[in-house]
Structures are given as structure tokens and as C-alpha cells.
Amino acid sequence: MKKLFQNVTADLSASIVVLLVAIPLCLGIALGSGAPLFSGIIAGVVGGIVVGIVSGSQLSVSGPAAGLTVIVAAAILKLQAFEAFLLAVVIAGVIQIILGFIKAGVIGDYIPNAVIKGMLAAIGLILILKQFPHLVGYDADFSGDESFSQNNNENTFSGLSHAVGFITPAAVIIGAVSLFILIMWEQKLFKSKKWIQIVPAPLMVVIIATLISEWFKTNNPAYALETKHLVALPISTDGKNFLSFFTFPGLEYLKNYEVWTVAVTIAIVASLETLLGIEAVDKLDSLKRVSPPNRELVAQGAGNIISGMLRGLPLTSVIVRSSANVNAGAKTKLSAILHGVLMLLCVYFIPSILNKIPLASLAAILIFTGYKLAKIPLFKDFYQKGWDQFVPFVVTIVAILMTDLLKGILIGIAVGLFYMIRSNFRSSVFVVNDDNRFLFRLRKDVSFLNKPIIKRKLEQVPENAFVLIDATRADFIDKDVIEEINNFMKHAHLKNIKVEIKRSQYKEVHALFNEPVNGFETTNSYVMDFSNTH
């Protein structure tokens, strides 16, 4: 507990930044899901407080996720009753806790680093592309949408082109000023002033943006921002009205088969996004701390149970908010917990003040976050690592941009798997020819995929040659490959080819018998027979 409060100043500052980013995202995702707006806020509060307390991740921030928007919207329509959907969220949470206890979190360890970094860069580009319309006052799409195809029958790129035709002057001014402040806050001149760094740049952005918006409203109403360009929190008149925003799930829907189907779907998708999220956030952590994945599944499960019980949306670890948390200088999970507490206090006590915040200023904060995630040096770094790293990295980015987060990740993993197999395929068999002397060196795992190249190379050995088959470095040799070498050795005498085999030190590839092959006089020739090996 003492360590949790060692960095309270940095964590409090970061929590304010995350709060400013999270509120419009929570509202936008609820809107895009066809759910009550306050359901998004409830999920944000629970994701901060409950998941933050139970989680072992120090920098991850949880809340309603854009990746679940389509699933949630379809589920609400299918189940018809919102209370039935809430029950599905609770059941999904129970399933996630079970997944955590059976250690299903190990799945996250198998995601290639190039795919994780590609996901982060893709999120950065999505923030830039998706938030630009909000920056200039075109708010047709909900804030927080990450999919290529939008609910307003547009896509990421058509939304950009339409935004140019619907520019709002006040939003452009606010957006430009906001970006200017964020950029200046990063300069050495400002960083050297401690009193300036006490105030987080995003908080300064929101304060100045709100003052500019209010100035337009008072002094130039014709150019003032409309309500649709501002944050839109539900406002309660009193405590009783505030409690009416919370609804319990309907237990009478337990016998509904579709409720269980939705629950399993949410649990699987939310768990995958969470595992991807904490892997990505750990890559951003300057202290290189590792989040325990199984504990994270339990934390997310607990969060979804409570969120569903209180009328909240399902939640996951969210990369956008987590990235903002890291960039804001958070040190521990206290930041995520405080952002949940602050969100609850703000929506109860000062919703009318929050509703004066221009969306353009929040768009500027997200665009700046996106820029930090997708910096050009990152692309250069992966290009220098070679095509086997660069191609999965780029494919992941393009796939996420053109589809959505989960589909893009799966495509990236498939490409990464291809390069892994290709690399193993090339390095497992090493062939050298020196003056009619051939060395066939079998290394690591020689699978059936290596059979064609071994067969082709053996067929190319000319008459009167000497062949050394070195299996000392092989951990595993597939029986198809063994059979191919056996066939070669049985007929090598017809071309007067002499063969020598060096045995492997591993028992699995050690079964070489000292029986001479018909037609051979050399005592170094053996037939490979692995019939007794595994």
C-alpha cells in the first residue's frame, strides 16, 4: 500500500488526463452501441476503481471498448430487453474469472512483438484519422469509434473528406490552440519550468478551450459551438434521480439460450482484447514491468460482473486510455483507480461544467497521443530489423486500419506465423557443395515442410560424389524426411555416391544403425531408421 502512494503526485496528474480522455470515449462508445449513455460512464468508473484495484497491471486502464461496440449493439437488438443484456455481461464476467483460474492468460505470450508494436502504431494512426473530423467540428461519427466502417454509412477516409466540407471555425481555432499548447508543453523551454509542469498539458488545453468556447458564446454567438460539438453527460437533478441511472440485470432471463451465447462471445472477445491490451501497455512501460495475464482476466471478470450489476457496458483493458495514461507520466495503478473515482465525482457533482468542454480540444489530446504511438522512428526501426519483422508490423497496421482491432491482430498473427515457419524452413537445412563433396546439415526442427528441398538437393548430387549428412544439431527430424534420406541412401550406390552420417546427441534423432547399404563398401554409410523414436 505504501508503494502505491509513493508517486501520488504523478499518478493524480495522469488520472486527470485519463479522465478527460475517458469521458467522451465512454459516452461515444455507449452511443455507438445503442445503449444508454450513462452505461458507458458506469463501465468507465468500474473499470477504473474495481479493475484497477484487482489488476496486477500498473499502467493499464480499463473501460468500455470500441472493439465490443458491434457485438454489444447486435446483442442489445437480439435480446431486446436491456436487463437481459446486463445479465449476459455478468455471466461473461464469471466466465472470465474461470479463464483466469485455469490460466488461459498464457495465450497473450504467443503474440509476436511485431504484431504488438504494429497494433500500437495502428491505434496511433486511427486516433489521428478518426479524431481529425472532431478537431474541425465534424462530429457525425461517435467519439471512440475505431472501426473502418462507421455507423453513419461512411468509413475512415470518407469521413476525412466530408469533414473538410463541414468545418466549424470555432472548433478549428480551439483545435489549433489545443495542439499548439500540447506541442509547446513538450519543448525544453516549458519542461524546464517546474511550476508549468505541475499542471498537465491536457488539463490546460481543456481549460483554455472551454474559455474560448464560452467567449464565442458571449461575444460572438453566431460562431459559438453548438451543443453537438460539446461533451454531453446525462445530468441528474438530485441524488434520487442519479440512482435511477443504475439498473439491476434481470435474473428471469437465465433460461434464455441467447443470453448465454452473448455472454460467451463477450467473454472471449473481451479477454482477447484485454490480453492484447496489457501486452501492448507493458511495451510502453519505461520500467518494463510485466502484467500477470491470468490475474488480469480475473480482474476484468470482477469488473464485468459489477458493471453488469449496475447497468454498465462490458469492459476491457483499453489501449487508447492506457496510452494516454503512460504519456501523462503515470507510475502505478493508482492513476487508473483515481480516474474512476474522479469520473464518479464529476458526473454527480459537476456534469454541467463538463458539458461545456469542446470535443475539438479532446480530439487534439487524442491526436497528440496518436502521434506519440505512431512516430516515424518506429517504422524505421522495424525496417532495419528485416522483412520478417517489418512485413508483419506493416500488415498488422494496414489490417487494423481497414477492418477493426481484433481482425487486424489475427491477420497480423497469421503473417507473423508465416514468416516464423519460413524462417525455420530455411534455417533447418543447410547444404554446402565443395568440389563434389556435399554437406547436408540438419539443424533444429526438421519438419515435413523441409522434405521438398532435401529431396531436390539430394537428387542434384552427381555421380562419384561424397555426401556427409550431419544430424548432430537436430532436435527433431520428421519421419517423412528420414524416409527420403533412407531412399537416397538405398540407391546412392547406383551413382557411386559415398555417404557418411553423423549422429545426433539427442535420443529422438539418434537411431542410426551400422548396417551397410547394399552395394556399399564404405563402413561410414548407414540407413536411417527412426521407427523406434518418437
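Phe 393 is buried, with a relative accessible area of 0%, and in this predicted model the residue belongs to a cluster in which ring pairs link Phe 379, Phe 382 and Phe 393. Beyond these rings, the briefing covers the open and enclosed spaces of the model, where the largest pocket holds about 470 Å³ and the count of cavities of 30 Å³ or more comes to six. It closes with one buried threonine, Thr 274, and with two residues other than glycine that have positive phi values, Gln 80 and Asn 464.

**Aromatic rings**

- Phe 382, like its partner described above, counts as buried, at 0% relative accessibility.
- The ring centres of Phe 382 and Phe 393 lie 4.4 Å apart with the planes at 0 degrees, and the pair is therefore stacked, since planes under 30 degrees apart count as stacked.
- Phe 382 is in helix 18 (residues 376-385) and Phe 393 in helix 19 (residues 387-402), so that the pair, eleven residues apart, links distant parts of the chain.
- The ring of Phe 382 also has a charged neighbour, in that the charged end of Lys 385 sits over this ring at 4.5 Å from its centre.
- Across the model, the count of aromatic pairs comes to twelve, and one of them is formed by Phe 82 and Phe 85, whose ring centres are 5.7 Å apart and whose planes meet at 35 degrees, so this pair is tilted.
- Helix 4 (residues 82-101) holds both Phe 82 and Phe 85, which are three residues apart, or about one turn of the helix.
- Phe 82 has a relative accessible area of 13% and is therefore buried, because the buried class takes in values under 20%, and Phe 85 counts as buried at 0%.

**The largest pocket**

- The space in the largest pocket amounts to about 470 Å³, and among the 21 residues of its lining those closest to the centre are Glu 186, Pro 202, Asn 327, Ala 328 and Gly 329.
- At least two lining residues of this pocket come from each of helix 1 (8-33), helix 7 (169-185), helix 10 (201-219), helix 14 (319-327) and helix 17 (359-373), and helix 17 gives the most, with four residues.
- Sorted by class, the lining of the largest pocket consists of twelve nonpolar, five polar and four charged residues.

**Cavities**

- The largest cavity contains about 120 Å³ of space, and of the 18 residues lining this cavity, Lys 130, Pro 133, His 134, Asp 141 and Gln 150 are the closest to its centre.
- Helix 5 (113-135) and helix 6 (156-165) are the elements that give two or more residues to the lining of the largest cavity, with the largest share, five residues, coming from helix 5.
- The lining of the largest cavity divides into six nonpolar, eight polar and four charged residues.
- The second largest cavity contains about 100 Å³, and the closest to its centre among its 14 lining residues are Leu 25, Leu 127, Gly 144, Glu 146 and Val 320.
- Two or more residues of the lining of the second largest cavity are given by each of helix 1, helix 5 and helix 14, and helix 5 gives the most, with four residues.
- Eight nonpolar, two polar and four charged residues make up the lining of the second largest cavity.

**A buried threonine in helix 12**

- Thr 274 is found in helix 12 (residues 257-284), where this residue is buried, its relative accessible area being 0%.
- When residues up to four places away in sequence are not counted, Thr 274 touches Glu 296, Gln 300, Thr 316 and Ser 317.

**Positive phi outside glycine**

- Gln 80, a residue other than glycine, has a positive phi near 70 degrees, and its place is in the loop between helix 3 (69-79) and helix 4.
- With a relative accessible area of 69%, Gln 80 is exposed, because values over 50% fall in that class.
- Asn 464, although not a glycine, has a positive phi of about 60 degrees, and it lies in the loop between helix 21 (451-459) and strand 5 (466-477).
- Asn 464 counts as exposed, at 52% relative accessibility.

Key: Residues are numbered from 1 along each chain as its sequence is written. This is a predicted model: local features need pLDDT of at least 70, side-chain atom pairs count only at pLDDT 80 or more; totals for chains, interfaces and linings use all residues. Side-chain values use heavy atoms; hydrogens and water are left out. Buried means under 20% relative accessible area, exposed over 50%, partly exposed in between (1.4 Å probe, protein chains only). Contact means heavy atoms within 4.5 Å. On a 1 Å grid over the protein atoms alone, a cavity is a set of points where a 1.4 Å probe fits but cannot get out, and a pocket is an open set with protein on both sides within 12 Å along at least five of seven lines; lining residues have an atom within 4 Å of a point. Grid points are joined across faces, edges and corners, and a volume is the space filled by probe spheres set on the points. Ala, Val, Leu, Ile, Met, Phe, Trp, Tyr, Cys and Pro count as nonpolar, Asp, Glu, Lys and Arg as charged, and the others, Gly among them, as polar. Rings of Phe, Tyr and Trp (its six-membered ring) pair if their centres lie within 6.5 Å; planes under 30 degrees apart count as stacked, over 60 as edge-to-face and the rest as tilted. A charge sits over a ring if NZ of Lys or CZ of Arg is within 6 Å of the ring centre and within 35 degrees of the ring normal.
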